[in-house]
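Please find below my notes on this model, set out as numbered points for a colleague who will want to check each one against the coordinates.

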Amino acid sequence: MSTDKLRLLNFGDPKIKTLHITWFAFFLTFMVWFSYAPLMAFIKESFDLTTAEVKALLILNVALTIPSRIVIGTLVDKYGPRAVYSLLLVLGGLVCLAFAAAQTYEQLAALRFLSGFIGAGFVIGIRMVGEWFPARQVGIAEGIYGGWGNFGSAAAAMTLPTLAVMFGGEDGWRYALGMTGVMAILYGLVYRKIAHNTPKGSTYFKPKKHGGLEVTSKGDFVFYILMNLPMYAALAVLNWKLGPANLGLLDDFSNNAIYLVLVLLFLIQLRTIYHVNEENLKHGVPAIQRYKFKQVAVLDVAYFVTFGSELAVVSMLPLFFLDTFEGLSPVTAGLLASGFAFMNLVARPTGGHFSDRYGRRNALSILIAGLAVGYFVLSQIDGGWWIPLAVAATMMCSFFVQAGEGAVFAVVPLIQRRMTGQIAGMAGAYGNVGGVCYLTILSFVDYSTFFMLIAASAAVAFLSVQFMDEPSGQMAEVLPDGTVQLIDVE
């Protein structure tokens with residue numbers, strides 16, 4: 001096999017087989033996670049939901065994904081991706097079946113909240129793919145995993161409404177949802193049987209302690225704590241949206257109780273992080289095992305802008321076309337906007353390939369710069385534009401957004417192997433934080449200002465990427481017998 005090409009049809013190669021079975025696991029998690037959205041019209045009619053109740057379900061669907069990506073990252077590093085992916089698929093499928101059988105709005109809300117946990121499935125495969133592919137191919141492999149798996153949301157939108165109509169009756173949507181749950185459960189059992197955490201003869205490295213990232217200096221310890229604050233802030237914003245000042249789904253007491261819980265959780269996490277790093281802070285870390293936390297922080301910021309903006313734009317783009325161009329039907333507006341999500345199939349792998357070929361920092365810098373220009377162009381679109389040109393502009397912007405996502409996760413496995421799951425989880429959580437922030441901004445400004453502000457934040461991300469060190473040389477991991485193994489990262 002060449003240094004930069006993958007023979008994707010060579011199923012006799014164990015790493016190619018692992019890539020395919022793992023991207024399909026991710027595909028199913030996203031299909032389950034986004035299964036309700038294309039069926040919302042059926043659900044709204046079945047339960048006679050108000051607009052506020054529908055909006056609450058949308059918010060609840062992403063709320064748990066922020067902390068769950070951190071939790072899943074920790075579990076992956078401790079127990080391995082094979083066991084965790086299998087369990088997540090089975091549990092996610094069961095929650096999906098329960099949602100399909102829900103009889104009250106309260107049940108819908110609780111189960112939609114729990115469904116957010118399966119949105120963390122993406123993190124698991126990042127560690128799995130990183131274990132199987134060498135540094136020279138890890139970017140494109142992670143890009144294929146992310147891009148093809150991410151298509152699960154589009155597959156749900158394209159197939160589930162048709163299935164609901166085919167089943168017919170007022171419960172057609174329930175059967176369509178139930179099918180996705182059954183598929184996830186069955187594949188979870190299959191994945192447990194056929195997947196392997198590492199190639200034969202390789203060691204699966206685990207952190208010494210669990211519950212937080214190990215850092216290698218006192219400055220990085222403080223930096224790590226500060227980087228956790230935005231995640232709690234995003235959860236506080238979601239709580240505010242559900243509170244009496246907005247959607248009114250929570251009363252004052254519940255709203256304030258959740259704020260208190262968030263503060264307590266942060267304090268508990270602070271204590272856990274100190275426990276994980278206590279020995280390192282007191283006695284230091286051998287030079288060969290050190291890494292710079294700024295590498296993680298830069299990837300967090302980059303994913304905030306890339307995936308965060310994608311989450312927000314995919315949510316609002318159909319309405320943007322509908323409001324901007326007269327005479328469009330909702331169906332046509334949805335089709336025009338769908339090009340943004342479809343770019344995932346090629347854009348993420350391309351971003352990973354660029355990273356492998358042209359350097360991690362260079363690729364990320366170029367793609368985020370392109371993203372900034374893309375959103376600036378979108379900010380200029382008005383009703384006088386030729387519609388095909390507006391669609392082309394959105395797809396061009398989408399390419400840079402999703403290629404940037406691929407470039408981010410081309411770097412994640414090259415920082416510290418034993419903590420790849422946790423690093424992926426933190427970056428993934430920042431993507432959701434970005435989505436919450438951008439959608440909150442959208443509620444206060446017009447479309448043009450919204451796109452312009454994303455472009456401005458992308459410029460900040462571009463500057464932060466310049467502080468990232470290009471991965472080079474080797475990372476060191478300690479074998480169970482105490483010997484050190486060096487892993488190439490370039």
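1. The end C-alpha atoms of residues 18-473 lie 26 Å apart, and this span is 77% helix and 0% strand. The model is a predicted one, and the choice of span comes from UniProt, where an unreviewed entry lists residues 18-473 as "domain: Major facilitator superfamily (MFS) profile".

2. The largest nonpolar core has 148 residues, among which Ile 43, Phe 293, Phe 321 and Tyr 375 touch the most other members. Helix H13, covering residues 293-324, gives the most to this core, with 17 residues. A second core, separate from it, consists of seven residues, including Ala 135, Val 138, Phe 205 and Ile 487.

3. Phe 293 deserves a separate look for its surroundings. Leaving out residues up to four places away in sequence, Phe 293 touches Leu 213, Val 215, Asp 220, Phe 223, Tyr 224, Met 227 and Met 426. Val 215 is also in the contact list of Phe 221, which, with the same kind of exclusion, touches Ile 273, Tyr 274, Asn 277 and Leu 281 as well. Phe 221 belongs to helix H11 (residues 218-242) and is buried, at 13% relative accessible area. With Tyr 274, the C-alpha to C-alpha distance is 8.4 Å, although the two residues are 53 apart in sequence.

4. Two buried asparagines can be read together. Asn 150, in helix H8 (residues 135-150), has a relative accessible area of 5% and is therefore buried, the cut-off being under 20%. Beyond its neighbours within four places in sequence, Asn 150 is in contact with Phe 26, Phe 30, Phe 307, Glu 310, Asn 344 and Arg 348. Asn 432, found in helix H19 (residues 420-442), is likewise buried, with a relative accessible area of 3%. The contacts of Asn 432, not counting residues up to four places away in sequence, are Trp 33, Val 62, Thr 65, Ile 66, Arg 69, Phe 307 and Leu 311.

5. Arg 348, one of the contacts of Asn 150, also forms a salt bridge with Glu 405, in which the closest N and O atoms are 2.8 Å apart. This pair links distant parts of the chain, since Arg 348 is in helix H16 (residues 344-358) and Glu 405 in helix H18 (residues 387-411), 57 residues apart. Both Arg 348 and Glu 405 are buried.

6. How many salt bridges does a search of the whole structure find? The search finds 11. Asp 469 and Lys 294 meet through their side chains in a salt bridge of 3.3 Å, N to O. Because Asp 469 lies in the loop between helix H20 (447-465) and strand S1 (474-478), while Lys 294 lies in helix H13, the pair ties together parts that are 175 residues apart in sequence. Asp 469 is partly exposed, with a relative accessible area of 27%, and Lys 294 is also partly exposed, at 26%.

7. Another salt bridge joins Glu 278 to Lys 282, with 3.0 Å between the closest N and O atoms. These two residues are four apart in helix H12 (residues 252-283), so about one helical turn separates them. Glu 278 is partly exposed, with a relative accessible area of 25%, whereas Lys 282 counts as exposed, at 56%.

8. Helix H7 (residues 121-132) is largely enclosed by the rest of the structure, because 12 of its 12 residues are buried. Among the buried residues of H7 are Arg 127 and Glu 131, and these two are linked with Asp 77 and Arg 417 in a network of salt bridges.

9. On the surface, Leu 87, Leu 91, Leu 94, Leu 97, Val 182, Leu 186 and Leu 189 make a nonpolar patch of about 620 Å². The elements that give two or more residues to this patch are helix H5 (81-100) and helix H10 (172-194), and H5 gives the most, with four residues. Leu 186 lies in helix H10 and is exposed, with a relative accessible area of 51%.

10. One backbone angle may be worth checking. Asp 48 has a phi near 55 degrees, a positive value in a residue other than glycine. Most residues other than glycine have a negative phi. Asp 48 is placed in the loop between helix H2 (40-47) and helix H3 (51-63) and is exposed, with a relative accessible area of 66%.

Conventions
Residues are numbered from 1 along each chain as its sequence is written. This is a predicted model: local features need pLDDT of at least 70, side-chain atom pairs count only at pLDDT 80 or more; totals for chains, interfaces and linings use all residues. Side-chain values use heavy atoms; hydrogens and water are left out. A nonpolar core is a set of buried Ala, Val, Leu, Ile, Met, Phe, Trp, Tyr and Cys residues joined through side-chain atoms within 4.5 Å. Buried means under 20% relative accessible area, exposed over 50%, partly exposed in between (1.4 Å probe, protein chains only). Contact means heavy atoms within 4.5 Å. UniProt positions are given in the numbering used here, feature names are shortened, and annotations may be inferred rather than shown by experiment. Patches are made of residues with over 30% relative accessible area and no salt bridge: like charges are joined within 9 Å, nonpolar side chains (Val, Leu, Ile, Met, Phe, Trp, Tyr) within 5 Å. Accessible areas come from the Shrake-Rupley method with a 1.4 Å probe; for residues, only the protein chains shown count as cover. A salt bridge is a side-chain nitrogen of Lys or Arg within 4 Å of a carboxyl oxygen of Asp or Glu.
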